[in-house]
Amino acid sequence: HVLGLRGSWTHLQGNRAKFEIRQALSLPLKGRLFAVSKGGETMQMGTARMPKTKRGPVDSTLAVILLLLLLTGLLVLFSATYYTAQDRGDPLGEVKKQMFGIGLGTAAMIVTSRVPYRFWRQRWVIVSALAVSAVLLLLVIIPGVGVYINGSRRWLRLGGISFQPSELAKLAVVLYMAATLTRRGQGIRFFFHGIVPVLVVPGMVFLLILEQPNLSTAGSILIVSLLMIMMAGAQWKHLTLLGVAGICVGGFYAWSAPYRRERLLSFTDPFAKMSDEGYQLAQSLIAFGSGGLFGMGLGQGRQKYAYLPYPESDFIFAIVGEDFGLLGCTAVAALFAAFAVAGMRIAMNCRDKFGSLLAAGITCSIAVQAFLNMGVVIGILPTTGLPLPFFSAGGTSISITMAAVGILMNISRTTELMET
């Protein structure tokens with residue numbers, strides 16, 4: 001705002017004074033200094049106080065946490081895969097694939113950390129991301145196109161590389177939610193005219209992923225969307241209603257098919273169903289029991305010797321428990337908690353609503369997936385196929401995740417300063 005004017009306008013005479021006024025008014029309002037000449041002497045008339053955007057260094061705490069997660073993930077992945085990988089001729093085969101994915105992810109992260117985060121708010125960017133995600137999600141459920149593994153089609157294979165389109169869809173939904181909630185403003189406090197229209201796109205993505213079927217990933221997208229709606233200022237009564245509705249829909253879907261119903265019930269007593277749906281969780285709990293407090297040591301665990309299914313992906317946290325014990329599990333959980341705190345701090349420090357919601361959405365997407373995975377592996381949630389970020393094998397998945405972290409880093413580089 002303009003603080004005030006000094007001097008009398010009667011002293012403003014001659015073309016030079018008029019020129020200097022026009023020149024001052026033509027400057028951006030941010031930091032504008034109003035001045036005129038009186039007898040050859042410059043006289044200050046007032047200043048404007050507006051936010052100034054300054055680009056600083058990347059948040060060092062976030063960078064250190066990311067590095068620790070990546071290094072720990074590679075170490076645990078080596079322990080989980082070297083036994084089976086050596087039968088294919090290279091004990092480090094899975095680790096090398098993961099390092100290749102991390103290399104691609106690092107390049108993507110460098111690029112996204114340098115692209116101004118407001119670029120992702122443009123309508124054509126969001127529409128393009130959603131359109132590409134929708135096309136890939138439709139392709140993956142077509143028989144003969146999507147790769148069919150263990151009763152579901154979740155992967156596409158292009159040029160020898162397999163990837164899950166749902167990973168891209170998660171990021172596209174976060175971009176959409178951040179931009180849409182920003183435009184809605186206070187309208188999000190209304191249910192039918194505010195919240196319901198916003199949830200149309202996440203709901204459509206949810207249904208497409210559910211066709212694979214992949215309830216865990218589809219559900220995590222809705223959870224993150226609801227968290228972003230909450231942070232945008234929605235009323236608690238509306239959030240409660242949506243939460244109850246989501247639980248009812250998820251419960252109905254899980255109960256509607258015999259194999260999903262068995263999986264839902266098996267986590268209550270997995271050892272009673274070791275010959276069926278409870279086998280994987282039972283072996284996971286055995287791994288935690290074997291690890292005890294301090295663990296058996298790196299690579300010394302036995303569950304990866306063909307006892308525990310998928311120790312390199314969905315149940316890699318059980319390898320952490322067996323090799324490094326309760327202390328190791330606590331350290332990994334603490335790293336993800338620290339990542340969540342660092343990400344939310346970036347979101348709260350960003351004075352731009354879009355940047356704040358985008359940072360919160362990316363943080364929640366990674367943290368929610370991590371804690372859902374850990375909850376499944378220790379048996380407090382029903383068994384689902386959700387990987388552990390930065391740990392589970394999957395080069396394209398970790399590349400997309402690191403690209404999203406790059407956007408978070410760019411937001412951390414931007415601070416709003418008030419100058420007088």
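Buried here means under 20% relative accessible area, exposed means over 50%, and partly exposed is anything in between, worked out with a 1.4 Å probe on protein chains only. By that yardstick Thr330 is partly exposed, since its relative accessible area is 45%. The model is a predicted one, so local features need pLDDT of at least 70 and side-chain atom pairs count only at pLDDT 80 or more, while totals for chains, interfaces and linings use all residues. Residues are numbered from 1 along each chain as its sequence is written, and side-chain values use heavy atoms, with hydrogens and water left out.

Thr330 itself lies in helix α12. Helices (H or I, at least four residues) and strands (E, at least two) are DSSP runs, numbered from the N terminus. Val320 is 10 residues from Thr330 in sequence, and the two C-alpha atoms are 9.8 Å apart in space. Helix α12 spans residues 316-349 and packs on helix α11 (residues 279-291) at an angle of about 35°, with 7 Å between the axes. Axes are lines fitted to C-alpha atoms, for helices over the stretch in contact, and angles run from 0 to 180 degrees between N-to-C directions. The crossing of α11 with α12 is right-handed, a label used when the near helix is turned clockwise from the far one by less than a right angle, with anticlockwise giving left-handed. On the α11 side, the contact is made by Ser284, Ala287, Phe288, Ser290 and Gly291; α12 brings Phe317, Ala318, Gly321, Glu322, Gly325 and Cys329. Contact here means heavy atoms within 4.5 Å.

The loop between α11 and α12 holds Tyr310. Although Tyr310 is not a glycine, its phi is positive, at about 55°. With 37% relative accessibility, Tyr310 counts as partly exposed. Phe390 is another non-glycine residue with a positive phi, in this case about 70°. It sits in the loop between α13 (353-377) and α14 (395-413), and at a relative accessible area of 3% Phe390 is buried.

Turning to the strands, β4, β5 and β6 form an open sheet in that order, with antiparallel pairing. Two strands are taken to pair if DSSP finds at least two bridges between them. The edges are held by β4 (147-149) and β6 (161-163); each has a single partner strand, so one side of each is left without a neighbour in the sheet. On average, neighbouring strands of this sheet are turned by 40° against each other, direction ignored.

Strand β5 covers residues 152-158 and is joined to β4 by three bridges. Within that pairing, Tyr148 has Arg153 of β5 as its bridge partner, and Ile149 has Ser152. Three bridges also join β5 to β6, again in antiparallel fashion, with Leu156 standing opposite Phe163 of β6. The hairpin of β5 and β6 has two residues between the strands, and Gly159 there takes a positive phi near 60°.

Helix α4 (residues 123-140) lies across β5 and β6 and runs at about 110° to β5. Ser133 is found in this helix, and at 2% relative accessibility Ser133 counts as buried. Neighbours within four places in sequence aside, Ser133 is in contact with Leu168, Ala169 and Ala172.

Helix α9 (residues 236-255) has 20 residues, which at 1.5 Å a residue should span 28 Å, and its end C-alpha atoms are indeed 28 Å apart. The expected span is 1.5 Å times one less than the number of residues. Its buried residues are His238, Leu239, Leu242, Tyr253 and Ala254. These cover an arc of only 125° around the axis, which puts them on the same side of α9; the arc is that of the directions from the helix axis to the C-beta atoms. Cover for the buried residues of α9 includes α6 (191-198), α7 (200-210), α8 (215-231) and α10 (258-266). On the face turned away from the buried side, α9 carries the exposed residues Trp236, Lys237, Ile247 and Phe252.

Two of the covering helices, α7 and α8, are linked by a loop that contains Pro213. The peptide bond from Gln212 to Pro213 is cis, with omega near -5°.
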